[in-house]
Amino acid sequence: MNNLVHTIIFSNSFIISKALFDIVPEFFSRTEYIDKCDDFDILINKIEKQIYTIIFIDEFYFNKYKFFIDNIKGKTLIVPIFYNSDSACNMFKFAINILENKYQIHKSFAKLVEYVKTKIQEPTLDKELSNREKIILQMIAQGLTSKQIGDKLGISYQTVSSHRKNISAKLEIKTVSGLTVYAILNNLISIDEANLT
Amino acid sequence: MMILEDNKLADYIKDYPALLNFLDRLGVKLGFRDNTIKQVCEQYNLEVKFVIDLMMLIINRDEFNPNYLDNYAVINTVKYLKNSHQSYEFDYLPEIESLINRLAELERNRELDCKLLMMYFKEYKDDFIKHINYEDSVIFPLIVNANNTNEDINKDNIVAEYMQNHDNLDEKLVDLKNLLIRYFRPFENIAIIRSIINLLFEMEEDLRIHELIENKILFPKAQIINY
């Protein structure tokens, strides 16, 4: 789950951002820090590419960019960072109160993790390749393009691409060369048949 | 972490070994005793602000916010990155290659696996060298020129294409590590495999810093941060 979540710390305060930059990676590994934003299109574009994004935003930016926050769509959770428990953060499912002690902060983050887990469907992959995937992997290792594989198997280019993505996700190998080595090591293809330079 | 020019350079190196490569690429030799950053910079004729910004980036990584970006010449960053390229081409890659050769000599009954490993590595090495040569001969001169003339260097998507190639090379390195860790049958000579994997980790880490320098220092100076 950890790797599927992109977290953004959006704070004007050096102390708050520094502290969050130490704490957040304990729970979510992909953390980015933004101390100013002149162009929200870039930020929105970034968010749209992610599976799930959590934006930790301090009071300064929260008030300044309320319009932007209200308009964020998609799989994004806004977590305001406040130091006053009576403030507007009550409107949100989660908020970080910087006056809380270490135990309370960790408890809040643990709850946050549990919540996010329910929001993203982590692919529960069967790591074994299916027979179809093995055939496609053999063809990839022979140097065929997705289009050529699709033509040979009588399936669309998109279906081949989808199989390729699944193969890479299961094996955690992204490059064609890497997949080719895997195919040879697992006797799916001989070194002579493979498209290795 | 704040770095001040009057702080002792050795104090940082003790805590952040990634700075060793950094110093090497600046041409700074070890044995600088209790000299401050400023004193070492003076000794090697380096811009203090540039050195401090790069140290901040290496130590703070994604948190990095340059203090002096406007104050130093783009040519220094380019020179530093070119020196890094030399280190990849003439230190890291040959060392990994010689370890794979050594492995092949010792693991005679694993001829196919060693051959496969070498083929994969050589493909990566060739692509990598081609990429850094392109960077040295095309991209860097373009950026230096753009910085001097304010010319738009993105009009032909040169930078976008080059960045795509960058990602592909990163993936190849990660795949090599993954193949060794998960998919090759265990080799007898664990020490060699461990050394190869350690070098791959080190190079991956160094490349990450290299990329950050490009993305957070070089490209912003050339006004191409969004590519």
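Here is a quick look at the nonpolar cores and one strand neighbourhood of this predicted model.

Let's start with the largest nonpolar core, which has 35 residues. The members that touch the most other members are Ile136(A), Leu137(A), Ala141(A), Leu179(A), Tyr182(A) and Ala183(A). Both chains chip in here: from chain A, two or more residues each come from α6 (131–141), α8 (157–171) and α9 (176–185), and from chain B the elements doing so are α5 (74–106), α6 (111–149), α7 (158–183) and α8 (190–221). The top contributor is α6(B), which gives seven residues.

Zoom in on Leu179(A) and you can list its partners, leaving out residues up to four places away in sequence: Leu137(A), Ile140(A), Ala141(A), Ile167(A) and Ile173(A). Apart from the largest core lies another one, made of 22 residues. Cys41(B), Leu46(B), Val78(B) and Tyr80(B) are among them.

Now for the strands of chain A. β4(A) spans residues 76–82 and is mostly covered, with five of its seven residues buried. It pairs with β3(A), residues 52–58, and with β5(A), residues 96–97. Here is how those pairings look:

| Strand pair | Sense | Bridges |
|---|---|---|
| β3(A) and β4(A) | parallel | six bridges |
| β4(A) and β5(A) | parallel | two bridges |

If you want residues to click on, try Thr53(A), whose bridge partner in β4(A) is Thr76(A). For the pairing with β5(A), look at Ile81(A), which stands opposite Ile96(A).

Technical notes. Residues numbered from 1 in each chain as written. Chains lettered and ligands numbered in written order. Predicted model: local features only at pLDDT ≥ 70, side-chain atom pairs only at ≥ 80, totals over all residues. Core = buried A, V, L, I, M, F, W, Y, C linked by C-beta atoms within 7 Å. Buried ≥ 20, exposed ≤ 12 C-beta atoms within 10 Å, placed from the backbone. Helix = DSSP H or I, 4+ residues; strand = E, 2+ residues; numbered from the N terminus. Contact = placed C-beta atoms within 7 Å. Pairing = 2+ DSSP bridges.
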